[in-house]
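Got the model open in your viewer? Let's walk through it one selection at a time.

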Amino acid sequence: MLTANRLEKIMELEQELRAEYQQQLDDKQAAIDAALAEKADLQATIDKQLETIQELTGKAGDTQKVEQRNRELHNRADNLQGEIAELKQRLKALQKDLNAVREENKTLNQFDPARMKKNLDASKKKLAEKQKDNESLQKALKESRKEQAALERKVAELEAKLAETDAGDGSEAPAATPSRDQASAA
């Protein structure tokens with residue numbers, strides 16, 4: 001029985017302690033429950049923040065990729081602009097060269113071999129025609145000179161005959177007879 005008494009006393013002591021400390025125990029249990037609830041809220045917040053961080057990290061990676069691509073495209077655009085400026089200068093130089101070649105071609109077209117040969121052939125034909133005309137004129141001139149010389153001889157003979165006949169008649173030569181100078185002029 002002794003043990004039962006002790007057991008009763010222990011139970012009483014437990015009840016007294018419980019009554020005395022129950023309020024504190026309840027407060028502590030409520031604090032523990034509140035802390036556990038706060039911990040659960042904080043864990044949920046941490047999970048959300050972790051998820052947001054992971055999303056932002058993915059987006060940041062995407063953003064970094066986009067930024068890297070933008071830098072590459074910007075550098076490429078700068079290079080292309082430099083090439084375009086260089087090509088514009090080359091185009092201007094080529095246009096100047098083209099104008100010079102056109103002028104040279106224009107000058108050379110003035111001396112077009114086919115046209116010059118055609119002109120040469122035409123000139124040769126004209127020259128040949130002129131030579132033929134000249135030869136015929138020379139022949140006609142020779143013939144007219146021969147005729148003139150023959151006529152002058154006849155005139156001289158006739159004048160001599162006239163002078164003989166006039167000398168035989170004693171009269172002077174008529175004034176109507178052309179002199180030798182007049183006949184050669186005609």
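Start by selecting glutamate 8, which sits in helix H1, the element covering residues 2-110. Keep in mind as you click around that this is a predicted model. Is glutamate 8 buried, exposed or in between? Its relative accessible area comes to 46%, and because the partly exposed class runs between 20% and 50%, glutamate 8 counts as partly exposed.

Now add Glu12, Glu16 and Glu20 to the selection. Together with Glu8, these residues form a patch of negative charge on the surface.

Next, stay in helix H1 and pick tyrosine 21. Tyrosine 21 is partly exposed too, with a relative accessibility of 36%. Which residues join Tyr21 in a nonpolar surface patch? Select Leu13, Leu17 and Leu25 along with it: the four make up a patch of about 360 Å².

Time to zoom out and color by secondary structure. You'll find 3 helices and 0 strands in the protein chain, so to speak an α-α-α run if you read from the N terminus on.

Last stop: switch on the surface for the whole protein chain. About 17,300 Å² is exposed, and 55% of that comes from carbon and sulfur atoms. How much of the chain counts as buried? Just 1% of its 186 residues.

Definitions and conventions: Residues are numbered from 1 along each chain as its sequence is written. This is a predicted model: local features need pLDDT of at least 70, side-chain atom pairs count only at pLDDT 80 or more; totals for chains, interfaces and linings use all residues. Side-chain values use heavy atoms; hydrogens and water are left out. Patches are made of residues with over 30% relative accessible area and no salt bridge: like charges are joined within 9 Å, nonpolar side chains (Val, Leu, Ile, Met, Phe, Trp, Tyr) within 5 Å. Accessible areas come from the Shrake-Rupley method with a 1.4 Å probe; for residues, only the protein chains shown count as cover. A salt bridge is a side-chain nitrogen of Lys or Arg within 4 Å of a carboxyl oxygen of Asp or Glu. Lys and Arg count as positive and Asp and Glu as negative; His and the chain ends are not counted. The place of a charge is taken as NZ of Lys, CZ of Arg, CG of Asp or CD of Glu. Helices (H or I, at least four residues) and strands (E, at least two) are DSSP runs, numbered from the N terminus. Buried means under 20% relative accessible area, exposed over 50%, partly exposed in between (1.4 Å probe, protein chains only).
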